[in-house]
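Student: I would like a close look at a single part of this model, taken slowly and with its surroundings. Could you take me through one hairpin and what lies around it?

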Amino acid sequence: MNNESHGRLTKDGIRIYDPATDFPGMHAAGRLAATILDDIAPHVKVGQTTDEIDRIITDMVDAAGATSATIGYKGYQHASCISVNHVVCHGIPGPKTLKDGDILNIDVTVIVDGWYGDTSRMYVAGRLPRKAERLIEVTHDALMKGIEVVKPGNTFGDIGHAIQTFVESHRMSVVRDFCGHGLGRVFHAPPNVLHYGRPGTGAVLEEGMLFTIEPMVNLGRPETKTLADDWTAVTRDKSLSAQFEHSVGVTADGFEIFTLSPAGKFHPTY
């Protein structure tokens, strides 16, 4: 079945899916992505390379009979993005070994029966430093505050505002250079889900919309720069950065999260 056969488009170009027939596919894809992130947790340890973590993730995707959405995407060659310390997002797995106290985001997207499951979460190698712990806590809670306002009639600006005000109340900053996105039977689609904004602005949420919310939060300033590899984004001021991501769908009276951790390990202090 092709992408165009699913639902109608809103005036903002956002596809509306059918919760009854389409959400189960999103749950299956989201559950696999979340399970992989559960199962990789024991492999995140001091002395481990991010390359080896990615190799294990690749094997997990293959073993599940699924497809990695990122291998081959715009030339990218890995089943995960692994972003360590001041890397904001799109960190490329490599030979660098993890040191005690390193924090990292692992981002995985899988395709199951044509549906995309996209999620990321934070991990720590060894002992979690207090400053990093606070950053991770605020970032996790900011994501959940954004998700809590997802319901028909609210706007994407409401989501961004909920995240931004919470983060800034803790004297941290929201990255503006990257955002969440629509997904479903495609990897990236309208809308752009900004993690900052004004209440009541942006497209209005409708039942059947599918998208990611994935705030990136910096301990320092919000500015980022992309390295020469054209993928790796880092904080300009070298401050620590954290990110959490869920894929969600809008229901008649709220939301469903497709990428909940089956083992309850979404937050690294589990």
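Tutor: The part to begin with is the hairpin formed by β4 and β5, which has 2 residues between its strands, and in its turn D113 has a positive phi of about 50°. Please keep in mind throughout that this is a predicted model.

The two strands of the hairpin pair in the antiparallel sense over 10 bridges. Two positions help to fix the register by eye: D107 stands opposite S120 in β5, and T109 has D118 of β5 as its bridge partner.

How much of β4 is buried? Of its 10 residues, 10 are buried, so β4 is largely enclosed by the rest of the structure. If you follow its side chains along the strand, I103, N105, D107, T109 and I111 point one way, while L104, I106, V108, V110 and V112 point the other way, and all of them are buried. Strand β5, which covers residues 115-124, is likewise mostly covered, with 10 of its 10 residues buried. Here W115, G117, T119, R121 and Y123 point one way from β5, whereas Y116, D118, S120, M122 and V124 point the other way, and all of these are buried too.

Beyond its hairpin partner, β4 also pairs with other strands. It runs antiparallel to β1, to which 2 bridges join it, and in that pairing T67 stands opposite I111 of β4. With β2 the pairing is again in the antiparallel sense, over 4 bridges, and there V84 has L104 of β4 as its bridge partner.

A helix also meets this group of strands. The buried residues of α2 pack against β4 (103-112), and also against α1 (19-40), β1 (67-68) and β2 (81-84). Helix α2 has 14 residues, from 50 to 63, and at 1.5 Å a residue these should span 20 Å; the C-alpha atoms at its ends are 20 Å apart, which agrees. Which residues of α2 are buried? They are T50, I53, D54, I56, I57, M60 and V61. These residues cover an arc of only 160° around the axis, which puts them on the same side of α2. On the face of the helix turned away from that buried side you will find the exposed residues D62 and A63. Just after α2, G65 takes a positive phi of about 70°.

Aromatic residues offer another way of following the surroundings, and a search of the whole structure finds 7 aromatic pairs. In one of them, the rings of Y76 and W231 have their centres 5.0 Å apart and their planes at 65°, so the pair is edge-to-face. Y76 lies in the loop between β1 and β2, and W231 in the loop between β11 (224-226) and β12 (233-235), so this pair ties together parts that are 155 residues apart in sequence. Both Y76 and W231 are buried. Another pair, that of F244 and F266, is tilted, with 5.2 Å from centre to centre and 55° between the planes. This pair also links distant parts of the chain, since F244 is in the loop between β13 and β14 (246-250) and F266 is in the segment after β15 (255-257), 22 residues apart. F244 is buried, with a relative accessible area of 0%, and F266 counts as buried at 8% relative accessibility. Returning to the hairpin, Y116 is one of the β5 residues named above, and ring pairs link Y116 with Y73 and F187 into a cluster.

For context, the model also holds an open sheet of 3 strands in the order β6-β10-β13, in which the pairing is antiparallel. Its edge strands are β6 (173-174) and β13 (241-243), each of which pairs on one side only. Between β6 and strand β10, residues 216-218, the antiparallel pairing extends over 2 bridges, and V174 stands opposite V217 in β10. Helix α3, residues 130-148, packs on this sheet, where it touches β10 and β13, and its direction makes about 35° with that of β13.

Technical notes:
Residues numbered from 1 in each chain as written. Predicted model: local features only at pLDDT ≥ 70, side-chain atom pairs only at ≥ 80, totals over all residues. Heavy atoms only, no water. Expected span 1.5 Å × (residues − 1). Buried < 20%, exposed > 50% of the residue type's maximum accessible area, 1.4 Å probe, protein only. Arc of directions from axis to C-beta. Contact = heavy atoms within 4.5 Å. Pairing = 2+ DSSP bridges. Axes fitted to C-alpha atoms, helices over the stretch in contact; angles between N-to-C directions. Phe/Tyr/Trp six-rings, centres within 6.5 Å; stacked < 30°, edge-to-face > 60°.
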